[in-house]
Amino acid sequence: MQAKNLKNRIPERIGSWQNGRWVTPAAGAQDLPVINPASEAVICLLAEDDSASVDSAVAIAKATFQSGIWSRAAVSERKGVLLKIRDLVVEQAEELAQLEILSTGIPISQARRRHLPRAAMNFEFFAEFISQTADRLYDQNPDYLTLVRHEPVGVAGLIAPWNAPLALATMKLAGAIAFGNSCVLKPSEMTPLPFVRLMEILKIAGVPDGVVNLVNGRGPVTGQALVANADVDIIAFTGGTATGRAIGELAGRGLKRVVTELGGKSANIVCADADIERAVESAVLAGFGNNGQQCLAGTRLLLQRSIAAEFLDLFLTRVRSLRIGLPSDATTEIGPLISSAQLERIQSFGNDARNDGVEILAGGKPADLKPGYFFEPTVVHAQSNSQRVCCEEIFGPFVTVLEFDDFDEALSIANDSEYGLVAYVWTNNLGQAMKAADELRTGVVWINTPVYRELRAPFGGFKHSGVGRDGGDWSRSLFTESKTISIPRQDFPLAQLADSK
Ligand code: NAD
């Protein structure tokens, strides 16, 4: 799609989508600029939804849920609509990818190869899942049949981050509606663009009006209003750990069901017996994919001392040759960071590292590319896991190297973190691999592979990386209420309140 045509597809001012149509923002609604991080130019304005507007979207979602038009629709009908959404996402993948990269800075090749296929797969997966899963029957007690059914919960508030807007928001959206819920989606205020197109796709695919509603705005305004609304039954949130804590507290007061998928500081352990070339290429993907702005980034690269020099030689050659450039260029490997604030934050890690005696092996400063929030792919060598670069989530193209002597030490460093999202392990020793699988305190352990997401399996974090999981059965637990129904097989003597005389 040509940039000129794409421009025609972006409204000058994005409002909210309620009951299947765009709503004119209220007079006095605050306008937020949506910025292109590669040019620093304003792409369009976003009209922020205040609590009155959020309440209206929730009321529509609730009324639609209660109408039963979707919540009681046959599974085959919901499946058909989800598959149609998948088809439309595939058909319009190029336009969606272009919209996705414009405000995120994700390189187009990654949007095409990873983000859009994942968004389409999210709808396909839940379409298939609901048509295959059965409810349970317990008949061990010969007097009774007991059924356990799963019913939609009600209204889901879905709050998404900016780093992979479509892939992550559609995982929640597809799960919520597949199980019959209505929802109100709030994307990040920095990356609303692809959702304009997505709402229209949902309508064309046959999602009844009011099932999916979209509100826009900043977290403490629009997001908080959504979490505070008493008619929202579930909050599914992906974002930072501090935000997750605030959301958990507020949602807890309303006794809402909450799943939080939060930050990470994941270890990537490379043992001396590993396939070094594969481990190097995977360390590049884990550290610098999505401009390093991914929750599952392998940001703490733990190298066994005996191969550290050889590994670093290959790794640094590759990192120094990464192509920094415009997200729209298919050969770009590293695009800009999301915002000037993020650029400043990441620069502070570079500066602190220097002052802290951490050796800068590559990068460590903004790239010579202006305009845009570009930062050089950075590798630093820390002395101790307690240094700031090893403890805090940086969320940029920034990898910290630590060395270890024996495998127990590597596992202990990996686990010495407030986070516990994922871990990568590179070894050809089966015993070591199994030990890692047993002892790493993370929600996912990838052995001899870069990121692999199996949607049937749970994804989520230990410790401060989140509460709850999504994927397959775990999404079903989140988005459904279980109901137990017991029926006697035949009439039998009823119990008495007391023994008869
Ligand atoms: P963020 O926490 O700043 O914002 C995430 C979303 O929450 C945005 O839509 C934001 O507007 C909203 N929000 C902010 N404050 C809020 C509040 N008080 N109430 C309600 N909503 C609020 O996170 P971000 O900067 O957009 O994303 C980066 C973070 O997300 C990183 O920490 C990253 O690790 C994490 N993340 C985690 C996963 C995962 O699956 N575990 C995936 C991607 C990103």
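How many bridges join β19 to β20? There are 4, and the two strands run parallel. One bridge partner pair here is Y424 with W446, the latter in β20.

A quick word on the model: it is predicted, local features need pLDDT of at least 70, side-chain atom pairs count only at pLDDT 80 or more, and totals for chains, interfaces and linings use all residues. Numbering starts from 1 along each chain as its sequence is written, and side-chain values use heavy atoms, with hydrogens and water left out.

Now the sheet. It is open, with 7 strands in the order β15-β16-β17-β14-β13-β19-β20 and mixed pairing; strands pair if DSSP finds at least two bridges between them. β15 and β20 stand at the edges with a single partner strand each, so one side of each has no neighbour in the sheet. Ignoring direction, neighbouring strands are turned by 25 degrees against each other on average.

Helix α11 packs on this sheet, touching β13, β14, β15, β16 and β17 (contact means heavy atoms within 4.5 Å). The direction of α11 makes about 135 degrees with that of β14.

Then there's α14, whose buried residues (under 20% relative accessible area, 1.4 Å probe, protein chains only) are F407, A410, L411, I413 and A414. They cover an arc of only 160 degrees around the axis, which puts them on the same side of α14. The elements they pack against are these:

| Element | Residues |
|---|---|
| β13 | 267–270 |
| β14 | 300–304 |
| β17 | 398–404 |
| β19 | 422–426 |
| α15 | 430–439 |

At the N-terminal end of α14, D406 acts as the cap, with a side-chain oxygen 3.1 Å from the backbone nitrogen of D408.

How values were computed
Buried < 20%, exposed > 50% of the residue type's maximum accessible area, 1.4 Å probe, protein only. Arc of directions from axis to C-beta. Polar contact = N/O pair within 3.5 Å; in protein donor to acceptor, adjacent residues only side chain to side chain. Axes fitted to C-alpha atoms, helices over the stretch in contact; angles between N-to-C directions.
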